[in-house]
Amino acid sequence: MEIKIQVNSYTIPNGITFAHSTRMADSWTSHSECIIMPEKEVGSNELSVNVFEGNTDQLRLERPTKNPIRLLHRYRNLDMNGKFIFDARYEIDTNVGHYIVDTIPKILTVKECLSKKIGREVDIYAILREQPRKMALDVFEALGIPVIATEANIRGSIVSMTGIKTKESEDKRIDDGGALMVGNLKDIYSNFRKKLIANRATESEKIFISRKFTRTIENESEINGILSDHGFKRYYFETGELSIQEQWQIVSQAKEIVAIHGAGMSPLIFNMNGIMRESGDLSGLRVIELYGAGYFVDWNRRLAAVMNAHWCGVRGKITPQIVRDLDDGKGGRIHESSSFRIDPNTLKLALKHSASASYYDRRNGV
């Protein structure tokens, strides 16, 4: 069985990244730099959902491993005849944020398409690696997706996404089914978003999502002090102190978000404050993304675009090591977990810029 899916186009508005102060622009005085992020059109695309009776090993997704126990478990067979199976063991990675914006949108879309095709409600079972993180299991449970955690070869009705046609072929990083579905995320999570809004508790409308373990801010106390003075409340999501539902509730009602780049920003797609406003009026939801100079990807800028939110970035201090590793060593992920320093004055510029977000941002640039 093959089902075609149309993915919506969307526009990523002009944006600004405020970079750590430097003397590169003025040899006598250190200044924060403003990097213009030009508007980008992401064209519509067509995906193909394929369903066949067989085994997961026919997908040829399995990755090499030297773990003897895992190798042994891969020789097992699990019969799930009569059930629809989506093998998520070899998706981008086990990052909870990627599950929310990549893997789960695929599964929910397939579920809707198959239910309409067959004429009855169906379940799609997500297959995860053995011993998944509790937070990952909580995400799938919250969104009503049954999970089987195993390394075994599974027999059943196997579901996959293939046959991608993209008008953005030059952007190699997002040429896969889940990433190309960004334009549909607003609609995919529409019903769940309404449930969150209906049940939400009272939380701060200004939130600061920080990190304690990796990708931390070296001068966090100073940065938190500035944000606290502006009315922001700090949260840590990766510690497990807050449940997945609590995290989503917090992000879903925020009107201003300052956050370190990472999975904690993915719940942007559950927020209605931007999409409740006229398209192009970016004052409903304002996002400031903090990231180190050694690692930046534009995932959250894309999410902000489809959620009709104003986005700007704050980049940390560049060090000689970062320049060496990225420009000379060509190591894109070497510093993805590195700590970084944020310039307080640069953050203040971003806060001022974010506060001025209006309908005219799209018309007159940034």
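The second largest cavity holds about 40 Å³ of space. The model is predicted. Three cavities of 30 Å³ or more are found in a search of the whole structure.

The lining of the second largest cavity is formed by I107, L108, K111, D123, I124, L143, G144, I145 and P146. Helix α2, spanning residues 96-118, supplies the largest share of this lining, with three residues. By class, six of the lining residues are nonpolar, one is polar and two are charged. The charged members are K111 and D123. Because Gly counts as polar, G144 is the polar one.

Two residues were examined for backbone geometry. Q131 has a phi near 55°, a positive value in a residue other than glycine. Q131 sits in the loop that links β8 (124-128) to α3 (134-142). N308 likewise is not a glycine, and its phi is positive, at about 55°. The loop holding N308 runs between α8 (299-306) and β15 (310-315).

Solvent exposure separates the two sites. Q131 has a relative accessibility of 78%. This value is over 50%, so Q131 counts as exposed. N308 has a relative accessibility of 7%. That is under 20%, and N308 therefore counts as buried. Thus a positive phi occurs at an exposed loop residue, Q131, and at a buried loop residue, N308.

Conventions:
Residues are numbered from 1 along each chain as its sequence is written. This is a predicted model: local features need pLDDT of at least 70, side-chain atom pairs count only at pLDDT 80 or more; totals for chains, interfaces and linings use all residues. Side-chain values use heavy atoms; hydrogens and water are left out. Helices (H or I, at least four residues) and strands (E, at least two) are DSSP runs, numbered from the N terminus. Buried means under 20% relative accessible area, exposed over 50%, partly exposed in between (1.4 Å probe, protein chains only). On a 1 Å grid over the protein atoms alone, a cavity is a set of points where a 1.4 Å probe fits but cannot get out, and a pocket is an open set with protein on both sides within 12 Å along at least five of seven lines; lining residues have an atom within 4 Å of a point. Grid points are joined across faces, edges and corners, and a volume is the space filled by probe spheres set on the points.
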